[in-house]
Amino acid sequence: MMRKGACLYCGQIRMIEEDDMLRAVMEGVEAGKEADILATRQCDCEDAARERERKERREAAGEWARSTFSEQDGSLQMIQSAIQTTFEGAIDSVTVKINKYTHKIDTDSDGMIRIKTTYKESKTETF
Ligand SMILES: [Zn+2]
């Protein structure tokens with residue numbers, strides 16, 4: 001069975017396989033909107049392409065966070081939510097300090113997620 005889905009940006013209609021819709025819902029796509037969301041994913045209009053690119057960037061940043069931070073001490077969750085809120089534009093930048101590392105998360109003028117990590121070695125002698 002095929003269903004019609006309309007791109008969320010340009011409204012272009014695409015035929016979507018019902019099996020693909022079911023799979024999308026299982027993967028967490030909002031039920032009831034799955035046909036349109038799949039049509040958007042397949043659409044080649046400018047806005048749909050930009051949205052796909054944004055999603056890829058966010059996923060790449062998430063990958064980096066998972067390989068850099070630990071879930072055990074909660075730092076991963078902290079960084080992930082910082083990336084998310086910065087990316088969505090709700091906040092301009094977040095600075096997280098963990099041990100001797102300072103991570104500043106913001107977006108550059110092209111909307112790319114930028115994470116600047118600085119390492120500070122300081123030594124204090126107390127007598
Ligand atoms: Zn489109």
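1. In this predicted model, a convenient place to begin is the hairpin of β3 and β4, where two residues lie between the strands and N99 takes a positive phi near 50°. The strands on either side of this turn, β3 (residues 93-98) and β4 (residues 101-107), run antiparallel and are joined by six bridges, and one pairing to look for is that of K97 with its bridge partner T102 in β4.

2. Strand β4 also pairs with β5 (residues 113-119), again in the antiparallel sense, over seven bridges, with T107 of β4 having I113 of β5 as its bridge partner. The hairpin of β4 and β5 has five residues between the strands, and here G111 is the residue that takes a positive phi, near 80°.

3. Turning to the helices, α1 (residues 18-26) and α2 (residues 34-42) have axes that come within 9 Å and cross at roughly 100°; the two helices are therefore roughly perpendicular to each other. Their contact is made by D20, M21, A24 and V25 on the α1 side and by E34, A35, I37 and L38 on the α2 side, and by class these residues divide into six nonpolar and two charged, with no polar residue.

4. As for the overall division, the chain is split into domain 1 (2-44) and domain 2 (47-119), whose C-alpha centres lie 28 Å apart. The contact between them takes seven residues from domain 1 and four residues from domain 2, and the side of domain 1 that touches domain 2 has four nonpolar, one polar and two charged residues.

Key
Residues are numbered from 1 along each chain as its sequence is written. This is a predicted model: local features need pLDDT of at least 70, side-chain atom pairs count only at pLDDT 80 or more; totals for chains, interfaces and linings use all residues. Domain bounds come from an automatic or database domain assignment. Two residues are in contact if their C-beta atoms, placed from the backbone, lie within 7 Å. Ala, Val, Leu, Ile, Met, Phe, Trp, Tyr, Cys and Pro count as nonpolar, Asp, Glu, Lys and Arg as charged, and the others, Gly among them, as polar. Axes are lines fitted to C-alpha atoms, for helices over the stretch in contact, and angles run from 0 to 180 degrees between N-to-C directions. Helices (H or I, at least four residues) and strands (E, at least two) are DSSP runs, numbered from the N terminus. Angles under 35 degrees count as roughly parallel, over 145 as roughly antiparallel, 65 to 115 as roughly perpendicular and the rest as oblique. Two strands pair if DSSP finds at least two bridges between them.
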